[in-house]
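Visitor: Could you take me on a close look at the empty space inside this one? I'd like to hear what surrounds it, and then whatever else belongs in the same tour.

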Amino acid sequence: MLDNRGRNISYLRLSVTDRCNCRCVYCMPKDGVPMLSHDDILSFEEMRDIVAASATLGVRKVRITGGEPLVRRGIVELVRMVAEVPGISEVDMTTNATLLAPIAADLRAAGLCRLNVSLDTLDAARYRKITRTGTLDDAIAGLRAARDAGFVGTKINCALVGGLNDDQLRPIAELARDHAVTVRFIELMRMGECAHWPRERFVSADEVLVQVPELERVGVDGVSELYQAPGWQGGVGLIRPMTHRFCSSCDRIRVTADGRLKPCLHSSAEVNLRGLSGEALVDAIRSGIASKPEGHRMDATHASDTPRAMNEIGG
Ligand code: SAM
Ligand code: SF4
């Protein structure tokens, strides 16, 4: 379905939980946040119905996210249910991968197409510092299990965090030298936990090009500028929500774990989908798409307008 600015909305990001086994410094407070209760969270059937209603309006791709989607009990079954919805041609997942190893093969068999794995550093001590509770070896084990399970086209997402990983971008980029993966560096967005962080925490993606000067720009893939280096097996992507605006080509909507449709990540506008079914559900999603804002207003000093933290939305 086209929104009121002619953008074709074909991509739904579905947050299946606000919980997480990590506490990344830019995403969640150290002691966690009050979590949604079991009753507040959409059931698998409600999620399937939302995906099905979205598919009738032209959504073709679904990304399962969180919180950490792998902490949601029964996640393999949910993937299967979403993958079976008529009209949905691709089901992907964004995960920190620390719980992935034991179930990678099951997720693949259930119909999961591709994985985006969040990995901000290859230094074990820094990894612990950034995630507070995560262990680098678990994430690496998850990546290996994904490869062994037959996942291809895996993307590594690395958030740029001044003072925490911006002096060590080359080792992460070089994952794309040694493996057929795309490493995407993402500018930290001024929202949630880091809404009021000092400027020096927000690093431009240009820093990647300084540290890896052999990268050459080869094109664009959605929100990501693509780079390659001679002889590398994979590629590097730069995603610059802070310094470059890509809202005019945004093709996505989001649904939170408590059943609110967010037409824009950075807007406070939400449409309740909870308790709706049939035509009423389709109409609510249609009105959300129709009201999608032109773009965000976030910049170096102005924080996102969404009152929600990233773990509630899923990125
Ligand atoms: N737990 C999963 C994970 O970490 O991949 C999925 C949810 S997490 C909220 C999705 C992505 O959002 C992660 O790659 C994380 O780095 C990113 N993220 C969280 N807060 C962010 C912020 N303020 N700016 C940019 N990216 C952020
Ligand atoms: Fe958890 Fe992902 Fe947020 Fe880190 S970025 S705290 S892994 S939801």
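Guide: Start with the lining of the largest cavity: six of its residues are charged, two are polar and one is nonpolar. Keep in mind as we go that this is a predicted model. The residues in question are Lys-61, Arg-63, Glu-90, Asp-92, Arg-114, Leu-115, Asn-116, Gly-153 and Lys-155. Sort those names by class and you'll find Leu-115 as the nonpolar one, with Asn-116 and Gly-153 counted as polar. The space they enclose is about 40 Å³, and with a cut-off of 30 Å³ or more, the count of cavities comes to one.

Now for the secondary structure around that cavity. Three strands each give at least two residues to the lining: E2 (61-65), E3 (90-95) and E4 (114-118). E4 has the largest share, with three residues.

Next, have a look at an open site, the second largest pocket, which has a volume of about 390 Å³. Its lining runs to 14 residues, and those closest to the pocket centre are Leu-143, Arg-144, Arg-147, His-179 and Val-181. Helix H5, residues 136-148, puts in five residues, the largest share of this lining. As for chemistry, nine of the pocket's lining residues are nonpolar, three are polar and two are charged. Put that beside the cavity, where the charged class has six residues and the nonpolar class one.

Last stop, ligand 1. There are 16 residues around it, and the ones that come nearest are Tyr-26, Gly-67, Glu-68, Ser-118 and Met-189. Broken down by class, this shell has eight polar, six nonpolar and two charged residues.

If you're after polar contacts, begin with Ser-118: an N or O atom of its side chain sits 2.5 Å from an oxygen atom of ligand 1. The backbone joins in as well. Gly-67 has a backbone N or O atom 3.0 Å from a nitrogen atom of the ligand, while a polar backbone atom of Thr-95 lies 3.3 Å from an oxygen atom of ligand 1. Taken on its own, ligand 1 has 550 Å² of accessible area, and the protein covers 93% of that.

One link back to where we began: strand E3 (90-95) and strand E4 (114-118), both contributors to the cavity lining, have Thr-95 and Ser-118 within their residue ranges, and those two residues are the ones making contacts with oxygen in ligand 1 through a backbone atom and a side chain, respectively.

How values were computed: Residues are numbered from 1 along each chain as its sequence is written. Chains are lettered from A and ligands numbered from 1 in the order in which they are written. This is a predicted model: local features need pLDDT of at least 70, side-chain atom pairs count only at pLDDT 80 or more; totals for chains, interfaces and linings use all residues. Side-chain values use heavy atoms; hydrogens and water are left out. On a 1 Å grid over the protein atoms alone, a cavity is a set of points where a 1.4 Å probe fits but cannot get out, and a pocket is an open set with protein on both sides within 12 Å along at least five of seven lines; lining residues have an atom within 4 Å of a point. Grid points are joined across faces, edges and corners, and a volume is the space filled by probe spheres set on the points. Helices (H or I, at least four residues) and strands (E, at least two) are DSSP runs, numbered from the N terminus. A residue is near a molecule or strand if one of its heavy atoms lies within 4 Å of it. A polar contact is a pair of N or O atoms within 3.5 Å; within protein, one must be able to donate a hydrogen and the other to accept it, and residues adjacent in sequence count only if both atoms are side-chain atoms. Accessible areas come from the Shrake-Rupley method with a 1.4 Å probe; for residues, only the protein chains shown count as cover.
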